[in-house]
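Biologist: Before we discuss the interior of this protein, please show me the model and set out the terms you will use.

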Amino acid sequence: MDRPTIVGIGGFPDDAMLEHVLGLARGRRVLYVGTAGMENPYAALDWLERTGASLLRFNPWPPAGLRAFTLAHDVIVVGGGNTANMLAVWRVHGFDEVLREAWQDGVVLSGWSAGMICWFEAGVTDSFGPELAGMRDGLGFLPGSACPHYDGEELRRPVYQRLVEEGFPPGIALDDRAAAVYDGTELREIVASAPGAGGYRVGPNSEDALPVRVL
């Protein structure tokens with residue numbers, strides 16, 4: 001069995017980051033899941049052109065044989081958008097359990113923004129309105145919390161730090177061009193597709209920069 005791997009990406013993956021994710025997988029069969037972005041057809045077309053990805057849609061309903069269809073892929077890429085709405089749809093159809101099985105079976109789970117924080121117990125999100133808020137309803141495959149867009153949106157850093165200081169689970173923050181690679185539930189490394197992009201451990205009254213390998 002392949003090792004369980006999750007790659008959380010702070011922002012939309014450029015070609016270097018995408019190639020790194022694909023290189024971690026046992027093959028190049030990609031499944032793109034755009035639930036968080038309301039299954040935007042333009043985003044789906046982009047992933048089809050970039051990787052030849054299969055597309056998973058839940059509107060008007062998921063495909064027959066959802067489990068077998070999902071497990072037939074090597075990499076699952078989850079797009080950005082509304083994390084809370086995405087998780088609600090997944091849970092209604094049992095896709096959360098399918099994802100856990102895929103992960104344990106060696107399918108690489110990846111994604112950016114909503115597709116980063118969904119794997120954790122908690123995350124910083126704008127799912128509930130224009131103001132950032134803490135969400136404690138993630139899938140919980142990875143422990144603690146996560147915050148994407150750490151250098152891309154000016155309120156991300158202060159809001160995340162405040163939430164953690166007020167009792168939100170500590171965790172990891174990623175700049176837009178950085179990604180965290182996990183073996184099982186253990187952080188293996190931080191990689192970046194541009195110099196200066198980083199990852200950080202955020203705790204109560206603390207922010208520690210993590211070593212970064214530039215791709």
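Modeller: Ala, Val, Leu, Ile, Met, Phe, Trp, Tyr, Cys and Pro count as nonpolar, Asp, Glu, Lys and Arg as charged, and the others, Gly among them, as polar. Please note that this is a predicted model.

Biologist: How do the residues of the lining of the largest cavity divide into nonpolar, polar and charged?

Modeller: The search of the whole structure returns one cavity of 30 Å³ or more, with a volume of about 30 Å³. Its lining consists of Ile9, Pro13, Leu18, Val21, Trp47, Val77, Ser110, Gly111 and Trp112. Under the classes just given, Ser110 and Gly111 count as polar. The division is therefore seven nonpolar, two polar and no charged.

Biologist: Which element supplies the largest share of the lining of the largest cavity?

Modeller: Two elements, α1 (15-23) and β5 (108-112), each supply at least two residues of this lining. The largest share amounts to three residues, and the element that supplies it is β5.

Biologist: Which helix gives the most to the largest nonpolar core?

Modeller: The largest nonpolar core has 41 residues, and those with the most contacts inside it are Val33, Ile76, Trp90, Phe95, Leu99, Trp119 and Ile172. The helix that gives the most to this core spans residues 95-104 and contributes five residues; it is α5.

Biologist: How many residues does the second, separate core have?

Modeller: Ile9, Tyr32, Val181 and Val191 are included in this second core. Ile9 also belongs to the lining of the largest cavity. The number of residues in the second core is 18.

Biologist: Why do the buried residues of α4 lie on the same side of the helix?

Modeller: In helix α4 (residues 83-92), the buried residues are Thr83, Ala84, Met86, Leu87 and Trp90. They are on the same side of α4 because the arc they cover around the axis is only 160 degrees.

Biologist: Does Leu31 count as buried or exposed?

Modeller: Leu31 is placed in strand β2. Among the residues that Leu31 touches, beyond four places away in sequence, are Leu55, Phe69, His73 and Ile76. Buried means under 20% relative accessible area. The relative accessibility of Leu31 is 0%, so Leu31 counts as buried.

Biologist: What is the C-alpha to C-alpha distance in space between Leu31 and Val75?

Modeller: In sequence, Leu31 and Val75 are 44 residues apart. Val75 is nevertheless one of the residues that Leu31 touches. Their C-alpha to C-alpha distance is 6.2 Å.

Terms used: Residues are numbered from 1 along each chain as its sequence is written. This is a predicted model: local features need pLDDT of at least 70, side-chain atom pairs count only at pLDDT 80 or more; totals for chains, interfaces and linings use all residues. Side-chain values use heavy atoms; hydrogens and water are left out. On a 1 Å grid over the protein atoms alone, a cavity is a set of points where a 1.4 Å probe fits but cannot get out, and a pocket is an open set with protein on both sides within 12 Å along at least five of seven lines; lining residues have an atom within 4 Å of a point. Grid points are joined across faces, edges and corners, and a volume is the space filled by probe spheres set on the points. Helices (H or I, at least four residues) and strands (E, at least two) are DSSP runs, numbered from the N terminus. A nonpolar core is a set of buried Ala, Val, Leu, Ile, Met, Phe, Trp, Tyr and Cys residues joined through side-chain atoms within 4.5 Å. Buried means under 20% relative accessible area, exposed over 50%, partly exposed in between (1.4 Å probe, protein chains only). The arc is that of the directions from the helix axis to the C-beta atoms. Contact means heavy atoms within 4.5 Å.
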